[in-house]
Amino acid sequence: MKTKLMTTLIAATFTVGAQAQTGPIRVGVVTPLSGTYAGIGQQVKWGLDLAAKEINGGGGVMGRQIELIYEDEEANPAVAVQKAEKLFQVGKVDFLTGTVNSGSTLAVGQVAERNNRLIATTVSFADSITADKCSANVFRVNARAGMQSAALADWMASTKPNANVFYLGPDYEMGRSTVAAFKSAAESKGAKTVGEVFAPLDNKDYSPFFGQMRSARPTVIYTSVAGNDTVRLFTQMAEFGLNRNVQVVGASGTVTSQNLKAIGSAADGFVTGVGYSTSIDSAENKKFVASFEAANKAQPDLYGADSYGVLFFYKAAVEKAKSTDTDKVRTAMRGLQWATPQGIKTMRAGDHQAMQDMYAVKVNGGKFEIVGKVAAATAIGPDACTKF
Amino acid sequence: MHDQAKPSAQAPSASRYFTWLFFLGALVFALGAGLVGDVFFLRLATEALIFGGLALSVDLLLGRVGLLPLGQALFFGLGAYVSALVLKEWHNSFWLSVTVSLVASALAGLVGGIVAIRAKGVYFALISFGLAQVVSKVVFNTRDLGASDGIIGVPGAAIFPGLTSADPIGFFLVTLATIFGLYCGLTYLMETPFGRQLSAIRTNEHRIPFLGFDPWRYKLLAFVVAACIAGLSGALYPMLRGFVSPELMFFQVSGNAVINVIVGGTGTLIGSLYGSTLLTGLKSVVGSFTAHHQIVIGLLFVVVVIVFPRGLIGYLSPLLQRRLSFRHATGRGGQ
Amino acid sequence: MSSALDWLQFVLAPQMVNGLSIGVAVVLMALGLTIIFGLLDVINMAHGEFYAIGAYGAVALIGLGMSFWWALALTPLLMAVLGYVTERGLIQRVFHSKDRHTLTLLLTFGVGIVLEDVLKIVFGANPLRVEAPITGATELVGLFFPNYRLFVMAVGGLLIVAVWVLVFRTSLGAIVRAAAFDRYMSASLGVPISRVYAATFAFGVALAGISGVLLAPIYSVFPTMGRDFVLIAFSVVIIGGMGSIKGAVLAGLLLTQVQSISSLFISPVWNDPLLFGIMVLVLMWRPQGLYGKLGNA
């Protein structure tokens, strides 16, 4: 029965593939347009829309236009899976992207396996997606958590050698593992840990933790809270004068262009490790930032930039494979090099993780300035995927 | 047709029509979908049935006992996690994982019931809400349960030799049979003295002790039965989708189950299945057009609460009943 | 010895003061809930959304060029109008049915869903900022207090007292309490009962709105901001006794103290289970909460 099902599935993909060779290439986007991550979904959509417009204006992919089909996943893996299946089965998409939270990416990856299609995430940064939970059908074009930690730890070791670091993370598994990853990276470069505290997700008030923080007398405070939580944490730290004489650093999702305006001047001086900044000094990036701003009246952030880049990744792979067939495109994607606003990225064949230069960026007057850089090969870390 | 004198929301013959309409309609749908080789709609319908099972358990408490559960997703999620763990880590068998999930939900229902049943009315609603909040947060933070990522890679469950839950039409029929069994079992239970005690409790709880019954025990039993129905439905979820995540226990899921019941018709039991099917379909369609499907669902819900508080089946049932009685009286129809 | 004193002064004391400032916020939220429940028997599931609308109201008014103080004065009035309309237009319609408890709870639940999405459409999903009108901090006995927090605590305390005076020391309050105690009797004594209901609902909503404005500079403004308060505010109302003002104040202050002191010793992720455990224990001991209903005390 199982094999019978597989044959029907394969037959179905074959017929679809044969039909679709002439019409537009359909790319499904399952992304949170509502719910907690709606702001990230917005950047994903802006980036993709801009890339599709540019690709289609330049003659498309092998003469075929790209058609984007959006579905809202409400930041809920159960919804994401249902929508992904709809896009694969009814929307007949050739490729799918857009998932934000790691749970959605992992679950949608399974749907892709079952439907014999490929997906790429441009946002999820849990290391597991391209490590122990890797999949032959899943690619990641953005930098994962380990790469971000590496860049930040490198910057910290050079500017604040032997720092006393206090860690404040959101108390859930992802937040704890982000803190743990950075802690080991920092300690291996000589930093000392003077305290560690985890606040609940969606915490209203961080001031109860300030007593502990103050008495630990840190020189650096590391935090991996994100989104609305960062706004409250930074506002309250400024309110209590806690960020005076202390260097605040954090995860790449801690301060982004979505919450930067709401944090205001309290964000100044914050440093993070990240795969993208609007201030990357290259012609490609300047052109990208200008067209992004013209189209959306807002600056791109790492999510917008990586989502913009993913369509060029797919375009390059299809052109190399001369087909949209899953197996041929997968082969083409492995080891593929393609141009993005951040420069040339390389898709590592062994774990489907993109390699790219990483940056340490500092917030200054509402802008991210580059203060350090780590080469792609140093940042990426070992290949831990054993599934393919 | 001895019941035509009381055309209530629970009028048996009209509701029986709706029951047959639902399950026969589902079979016709399966046949059609099988003929055209569809996969997506079959699996979407399977999901609607699974969430229909959850709604059924909400209707048992809300419609038959008068307790509004705002955290029923707790048992649904529990069943889903237990089933996923059994399938992935222990033994790949539909029957085993369903049995273990049932036992686990019954135990959890007993514990949860002892905590929650003491409270009445809105207190019960808020306690059940809090209970689910607490447990979902614990799951969200437990690394061994996959924490926020959930558990992926749950294999298709082996049901019969040659049939796994990965087969869209086969698993749709198995789910349909399961939900049909749950529904029939529940309607049968409602006909027994136990069911009549429940409706007496719903009508006036204070009188029950004078009749020599302890309402607490009946309510607790109903709570455990509801937990089992929710847990069993949840057990089917990872078989369909191949993963579980803590979101399955979140308030969104509990709230949607309540919405399904209200829209379908509180206390009608079959209405919860109609409600779930209707809203699952509606969401799948509306979600593709606008990111603001919340407003659509929310407004629909508000309108139903204000204008049709008896819901779809609760509203249609008396109409159909009247027609049936009329046909019976004029001798042109009837059985 | 001196280290124990240090601990009291530099760890425990600030923790308790911070707990107090959260406590005042929670009490303000819970007061609106409990007053609405006390009189109307309505569990207002949309209360968190009304709190969010209050905060967004301030954002909008400040955006129009008003000062924070004008926004603080004006927003509660606008919120009261919104509450009045909601009560007359929606809640009244299901108020006289048999399942009033359930139906009104469900209705406000639906209203909450819609309101949250409307906020997202109008203001966007990203967080917004309201600048605190008072800056700087005061140092007292070696402790550090942001001035705006001191202000919020003072205003919150005044509001709580004002509500208490209004309900228990004015003839208006007497009418409300009478209506809560026996609505039929009050109606036959000539109390315009349905207008009293609408006005009370409006009052509760205005309280949520004013909390929204006051807390916006500390907690920031985003569409789902009300959800954070749901569990704790409901727990406070349940523990204090549904409809009891005294209970809400006491339970609100006590619970937030328990939370902030316990977070010194246990991982804060266990805060919610702790809160919930206390709620269940209180209910086992006193099923009606610490204090009775609005009509009685």
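Two residues are in contact if their C-beta atoms, placed from the backbone, lie within 7 Å. Keep that in mind for the whole tour.

The model is predicted, so local features need pLDDT of at least 70, side-chain atom pairs count only at pLDDT 80 or more, and totals for chains, interfaces and linings use all residues. Residues are numbered from 1 along each chain as its sequence is written, while chains are lettered from A and ligands numbered from 1 in the order in which they are written.

**Stop 1: two helices in chain C**

Select helix 3 (68-95) and helix 4 (100-123) of chain C. Helices (H or I, at least four residues) and strands (E, at least two) are DSSP runs, numbered from the N terminus. Two packed helices are described by the angle between their axes and the distance between the axes. Here the angle is about 145° and the axes of helix 3 and helix 4 of chain C are 9 Å apart. Axes are lines fitted to C-alpha atoms, for helices over the stretch in contact, and angles run from 0 to 180 degrees between N-to-C directions.

Now show the residues where the helices meet. From helix 3 of chain C, pick Thr86(C), Leu90(C), Ile91(C), Val94(C) and Phe95(C); from helix 4 of chain C, pick Arg100(C), Leu103(C), Thr104(C), Leu107(C) and Val111(C). By class, this contact has seven nonpolar, two polar and one charged residues. Ala, Val, Leu, Ile, Met, Phe, Trp, Tyr, Cys and Pro count as nonpolar, Asp, Glu, Lys and Arg as charged, and the others, Gly among them, as polar.

**Stop 2: where chain C touches chain B**

Next, show chains B and C together. The contact takes 33 residues from chain C and 29 residues from chain B. On the side of chain C, helix 4 of chain C gives the largest share, 15 residues. That side has 24 nonpolar, five polar and four charged residues.

**Stop 3: where chain B touches chain A**

Swap chain C for chain A. This contact takes 30 residues from chain B and 28 residues from chain A. Which helix gives the largest share of the side of chain B that touches chain A? Helix 2 of chain B does, with four residues. By class, that side of chain B divides into eleven nonpolar, twelve polar and seven charged residues.

**Stop 4: the two sides of a helix**

Stay in chain B and select helix 7 (residues 193-203), where Gln197(B), Leu198(B) and Ile201(B) are buried. Buried means that 20 or more other C-beta atoms lie within 10 Å of a residue's own; exposed means 12 or fewer, and partly exposed is in between, with C-beta atoms placed from the backbone. The three buried residues cover an arc of only 100° around the axis, which puts them on the same side of helix 7 of chain B. The arc is that of the directions from the helix axis to the C-beta atoms. Turn to the other side of helix 7 of chain B to find Pro193(B), Arg196(B) and Thr203(B), which are exposed. The buried residues pack against helix 2 (40-65) and helix 8 (215-241) of chain B.

**Stop 5: two loop residues**

Most residues other than glycine have a negative phi. Click on Leu269(B), which has a positive phi of about 60° and lies in the loop between helix 9 (251-264) and helix 10 of chain B. Then find Ser220(C), with a positive phi of about 65°, in the loop between helix 8 (193-219) and helix 9 of chain C.
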